[in-house]
Amino acid sequence: MDKVFSYFREISNIPRCSGQEKEISNYLKKWAEDRGLEVEQDNADNIIIRKEGSKGYENSPTVILQGHMDMVCVKTVESDHDFSKDPIEIVEDGEYLRGKGTTLGADNGIAIAMAMALLEEDENHPPLEVLVTTSEETGLEGAMNLSEHALKGKYLINIDSEDEGILTAGCAGGETIILRMKADFKETDKEGIKVSISNLIGGHSGADIHLGRLNGIKILCEMIKASTADLQIAEISGGLMHNTIPQEASIIFSSESFDKEKLEEAAKEFIKKESGLQLKVEEVKLEKAMDLKTSMELLDTLIQLQDGPYSYMEGEYSHIVQSSSNLAIIRTEESEIVITDSTRSSSVEELQKLEEYFLEVFSKLGEVEITQQYNPWTFEEHSVLREKAVKVYKDLYQEDMTVEIIHAGLECGVFQEKYPHLDMISIGPDMDGVHTTEEKLNKESTMRVNDYLCALLKEMK
């Protein structure tokens with residue numbers, strides 16, 4: 001087990017933000033070559049490592065172990081960490097590991113570490129294919145660019161879930177919707193106001209969307225609307241990633257009717273929900289701003305925009321969100337404002353309805369682009385791998401394993417489309433706060449999940 005944490009610390013020394021995975025990809029390729037393992041690195045920098053089955057397992061069906069090499073790179077305001085070159089500083093915090101002022105990257109570095117440790121085992125495993133993909137966090141690009149002939153295995157174990165004892169057997173699909181709104185900024189010498197909010201809880205826009213966490217962009221707009229009847233926007237920004245609930249947002253504007261006390265009263269209502277919310281109001285000098293009509297139209301649209309859970313599943317899985325949207329990012333550029341919204345659904349039909357809704361709303365403001373589309377991973381009624389996985393867990397821990405369909409997106413949906421014969425499950429150790437600076441990995445849970453994975457592979461004869 002020490003090997004798992006040792007390898008996790010080793011890969012944490014290598015920069016691997018989404019879109020910047022060349023170094024970690026090359027590292028994994030060389031690591032495999034140094035051990036005489038068959039390895040492939042494709043044009044998307046995905047890595048596939050193959051190892052023959054151990055004695056007695058030579059003719060067993062091949063099992064694919066899968067994770068992604070990229071991580072969400074977020075740091076605290078105080079941190080001077082440079083993700084392009086600095087190692088993640090791992091902190092021992094009781095039963096947890098966390099990053100010092102940054103995301104930890106256990107999502108999904110722990111999958112790589114587990115796979116590396118297993119590849120060094122010589123007993124009780126079938127033929128293995130380890131697939132490590134790129135740019136999962138920004139749209140599953142590595143999985144989407146994987147050749148339909150790359151994988152040889154019959155079973156696939158995705159190690160990208162975040163709750164021990166829960167086996168994931170289906171997930172939502174999704175897409176990213178981008179609005180580019182032309183902004184005609186005019187020179188002005190008016191006095192300006194900058195309002196900023198920060199330190200919200202945030203979280204994963206799939207796994208945490210049902211928890212009612214505040215969206216920084218949405219609530220900032222609501223607070224501004226409550227404190228002024230007129231405004232001309234000079235700049236508005238918020239959010240970092242399409243799959244993260246915004247933890248902060250800011251707006252610079254001029255207004256003849258701005259009432260700071262009303263702003264603070266509106267903030268108090270949100271502080272009742274998230275006590276860590278921080279509000280800052282500053283006077284600034286404006287150089288340019290949009291006109292009143294366009295500014296108010298943008299503000300009203302952001303306030304009215306569908307955000308959060310849209311519908312829930314029925315029957316056994318009625319506690320799981322079926323469809324949702326996340327107002328993820330807003331940026332002011334030289335001559336336009338760019339808004340990014342992420343939608344998810346386990347239903348192709350509802351995903352289409354959400355797309356139509358956003359197209360209707362956004363097309364009134366500017367040009368709309370649909371990107372990063374991926375299909376749901378459809379639950380299969382019969383699964384040999386799932387049945388075996390549940391039995392092994394019961395035998396090992398004398399507890400029932402929970403089988404779930406999740407609202408977050410997993411690469412299994414892409415693999416199901418490319419390799420319809422694959423029998424797949426997703427598992428993982430306990431993690432909290434993924435995609436935020438509060439991300440932490442439970443060490444004991446990681447050890448148990450690794451032991452469970454070894455036990456499951458032993459049964460795949």
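Trainee: Helix α1 (residues 2–11) and α2 pack at an angle of about 135 degrees, with their axes 11 Å apart. Why is α1 called oblique to α2?

Mentor: Keep in mind that this is a predicted model. Roughly perpendicular ends at 115 degrees, and roughly antiparallel needs an angle over 145. The angle of about 135 degrees falls between those limits, so α1 counts as oblique to α2.

Trainee: Which residues make the contact?

Mentor: On the α1 side they are Tyr7, Glu10 and Ile11, and on the α2 side Ile24, Tyr27 and Trp31.

Trainee: How do the residues of the contact of α1 with α2 divide?

Mentor: Five are nonpolar, none is polar and one is charged. Tyr and Trp count as nonpolar, while Glu counts as charged, so Glu10 is the charged one here.

Trainee: What makes α2 and α3 roughly parallel to each other?

Mentor: Helix α2 (residues 22–34) packs against helix α3 (residues 106–119) at an angle of about 10 degrees, with the axes 12 Å apart. Roughly parallel asks for an angle under 35 degrees, so the term fits α2 and α3. Tyr27, Leu28 and Trp31 in α2 meet Ile112, Met116 and Leu119 in α3. Those contact residues divide into six nonpolar, no polar and no charged.

Trainee: And at what angle do α5 and α7 pack?

Mentor: Helix α5 (residues 216–227) and helix α7 (residues 292–304) pack at about 125 degrees, with axes 9 Å apart. Perpendicular stops at 115 degrees and antiparallel begins over 145, which makes α5 oblique to α7. The crossing is left-handed.

Trainee: Which residues of α5 and α7 meet?

Mentor: Lys218, Cys221, Glu222, Ile224 and Lys225 come from α5; Met296, Leu299, Asp300, Leu302, Ile303 and Gln304 come from α7. This contact divides into six nonpolar, one polar and four charged residues. Cys is counted as nonpolar, so Cys221 belongs with the nonpolar group.

Trainee: What is the order of the open sheet of four strands?

Mentor: The order is β4-β5-β23-β22, with antiparallel pairing.

Trainee: Why do β4 and β22 stand at the edges?

Mentor: β4 (90–93) and β22 (431–432) each have a single partner strand, so one side of each has no neighbour in the sheet.

Trainee: How do you know that β5 is joined to β23?

Mentor: Two strands pair if there are at least two bridges between them. Strand β5 (residues 96–99) and strand β23 (residues 440–442) run antiparallel and are joined by three, so that requirement is met. Tyr96, for example, has Asn442 in β23 as its bridge partner.

Trainee: What makes the protein as compact as a globular protein of its length?

Mentor: Its secondary structure comes to 11 helices and 23 strands. The radius of gyration is 24 Å, close to the 23 Å that the globule rule gives for 461 residues, and that is why the description holds. The C-alpha trace spans about 80 × 45 × 40 Å along the principal axes.

Trainee: What is worth noting about the backbone of Asp107 and Ser135?

Mentor: Most peptide bonds are trans, and most residues other than glycine have a negative phi. The bond from Asp107 to Asn108 is cis, with omega near 15 degrees, and Asn108 is placed in helix α3. Ser135 is not a glycine, yet has a positive phi of about 50 degrees. Look for Ser135 in the loop between β6 (128–133) and α4 (141–144).

How values were computed: Residues are numbered from 1 along each chain as its sequence is written. This is a predicted model: local features need pLDDT of at least 70, side-chain atom pairs count only at pLDDT 80 or more; totals for chains, interfaces and linings use all residues. Side-chain values use heavy atoms; hydrogens and water are left out. Axes are lines fitted to C-alpha atoms, for helices over the stretch in contact, and angles run from 0 to 180 degrees between N-to-C directions. Helices (H or I, at least four residues) and strands (E, at least two) are DSSP runs, numbered from the N terminus. Angles under 35 degrees count as roughly parallel, over 145 as roughly antiparallel, 65 to 115 as roughly perpendicular and the rest as oblique. A crossing is left-handed if the near helix is turned anticlockwise from the far one by less than a right angle, and right-handed if clockwise. Contact means heavy atoms within 4.5 Å. The radius of gyration is taken over C-alpha atoms; the globule rule is 2.2 Å times the number of residues to the power 0.38.
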